[in-house]
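Please take me through this model in the viewer, one selection after another. I would like to know what to select at each stop and what is found there.

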Amino acid sequence: MPTNPLFNQFNDPLEQKMIDDLVIESIKIFGMDCMYIPRTLNNFNEMMGEDAISTYTSYTELEMYVKSAEGFGGDGQFFSKFMAEIRDQVILSVSVTRFNQSVSESRPKEGDLIYFPLSGGLFVIRFVDTRPYFYQFGSLQLYDMTCELFEYSGERFSTGIAEVDNLQINFTTDVQADPGLDLDDKPDDYWSDNEVFDEEAADIIDFDENNPFGDP
């Protein structure tokens, strides 16, 4: 038996607009302002699925709802065989309409960053659920973003957010990323100076065709 044609549950644009407005208003009331920081890929390796030098140069302030309000998820704090690691996760929801109005991208992208002012943490988007529920009134009003605490690995920042840009200033070892770092200014390292080592070694051991192993 077909559905009742007098009730239009999934194709009424006025109902969809009403739900969308309610979602936006709810996030503005119960959510918080976060900084969405898109990633720029400079040399993406399709085989490895990574970019050696990603840059972050802008941000957009967006209201987001903290879906995992009971606390951070993920593995949390634990000791690996190398060191202590923190893998906090948080799920944030953002309005589809507000995102499209504020950001030039079609949707949030994995690899983009979100600065979370409540904890002062910087999170990277690991997964974007574009269908967090099954088409309420025939449309989608939210994106759910599963985010993990960001771990700096040589990215370059010029966002204008001091707390974010300081990551590069404090942790970078890339001379090109930080002109203040100059390898020529490092203290003299005796063993890394190959020319000195070769010259002094030549005075100690005599390598020639008659004595290839340098034995006395």
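**First stop: an aromatic pair**

Select Tyr-56, which counts as buried because its relative accessibility is 2%, under the 20% cut-off for that label. The model is a predicted one.

Now add Phe-157, which counts as buried at 8% relative accessibility. Seven aromatic pairs turn up in a search of the whole structure. In one of them, the rings of Tyr-56 and Phe-157 are stacked, with 5.2 Å centre to centre and 15° between the planes. This pair links distant parts of the chain: Tyr-56 belongs to strand 4 (residues 55–56) and Phe-157 to strand 11 (residues 156–157), 101 residues apart. Extend the selection to Phe-150 and Tyr-152, and you have one aromatic cluster made of Tyr-56, Phe-150, Tyr-152 and Phe-157.

**Second stop: Phe-99 and Tyr-143**

Which residues should be selected for an edge-to-face pair? Pick Phe-99 and Tyr-143, whose rings lie 6.2 Å centre to centre with 85° between the planes. Phe-99 is in helix 2 (residues 96–102) and Tyr-143 in strand 10 (residues 142–149), so this pair ties together parts 44 residues apart in sequence. Are the two rings' residues buried or exposed? Phe-99 is buried, with a relative accessible area of 1%, and Tyr-143 is buried as well, at 10%.

**Third stop: Arg-98 and its network**

Stay in helix 2 and select Arg-98. At 16% relative accessibility, Arg-98 counts as buried. Leaving out residues up to four places away in sequence, Arg-98 touches Ile-24, Lys-28, Leu-62 and Glu-63.

Select Glu-63 next. This residue counts as buried, with 9% relative accessibility. Glu-63 forms a salt bridge with Lys-28, and their closest N and O atoms are 3.4 Å apart. That salt bridge links distant parts of the chain: Glu-63 sits in strand 5 and Lys-28 in helix 1 (residues 13–30), 35 residues apart.

**Fourth stop: other salt bridges**

How many salt bridges are there in the count? The count comes to seven salt bridges. For another of these, select Asp-144 and Lys-67, where the closest N and O atoms are 2.5 Å apart. The two come from distant parts of the chain, with Asp-144 in strand 10 and Lys-67 in the loop between strand 5 and strand 6 (73–79), 77 residues apart. Asp-144 counts as buried at 7% relative accessibility, whereas Lys-67 is partly exposed, with a relative accessible area of 44%.

Then select Glu-110 and Arg-107, whose side chains meet in a salt bridge at 3.6 Å, N to O. Glu-110 counts as partly exposed at 30% relative accessibility, and Arg-107 is partly exposed with a relative accessible area of 24%. Go back to the third stop for a network: salt bridges that share partners join Lys-28, Glu-63 and Arg-98.

**Fifth stop: Met-32 and strand 1**

Select Met-32, found in strand 1 (residues 32–37). Which residues does Met-32 touch, not counting residues up to four places away in sequence? The list is Leu-62, Glu-63, Met-64, Val-66, Phe-116 and Leu-118. For Leu-62, draw a line between C-alpha atoms: those of Met-32 and Leu-62 are separated by 8.2 Å, although the two residues are 30 apart along the chain.

**Sixth stop: a nonpolar patch**

Show the surface and select Ile-29, Phe-30 and Tyr-65, which make a nonpolar patch of about 350 Å². Tyr-65 belongs to strand 5 (residues 60–66). With 35% relative accessibility, Tyr-65 counts as partly exposed.

**Last stop: the whole chain**

Clear the selection and view the chain as a cartoon: four helices and eleven strands are present. Of its 216 residues, 31% count as buried. Among contacts with a separation of 6 or more, 57% are between residues 24 or more positions apart. The chain exposes about 15000 Å², of which carbon and sulfur atoms supply 53%.

Finally, colour by pLDDT. The chain average is 77, and 69% of the residues score at least 70. Select residues 179–192, where pLDDT stays under 50 and the model has eight contacts beyond four places in sequence. Where pLDDT is low, the predicted coordinates should not be read in detail.

How values were computed:
Residues numbered from 1 in each chain as written. Predicted model: local features only at pLDDT ≥ 70, side-chain atom pairs only at ≥ 80, totals over all residues. Heavy atoms only, no water. Contact = heavy atoms within 4.5 Å. Patch = residues over 30% accessible without salt bridge, like charges linked within 9 Å, V, L, I, M, F, W, Y side chains within 5 Å. Areas by Shrake-Rupley, 256 points an atom, 1.4 Å probe, with all protein chains shown as cover. Salt bridge = Lys/Arg side-chain N within 4 Å of Asp/Glu carboxyl O. Buried < 20%, exposed > 50% of the residue type's maximum accessible area, 1.4 Å probe, protein only. Phe/Tyr/Trp six-rings, centres within 6.5 Å; stacked < 30°, edge-to-face > 60°. pLDDT = per-residue confidence, 0-100.
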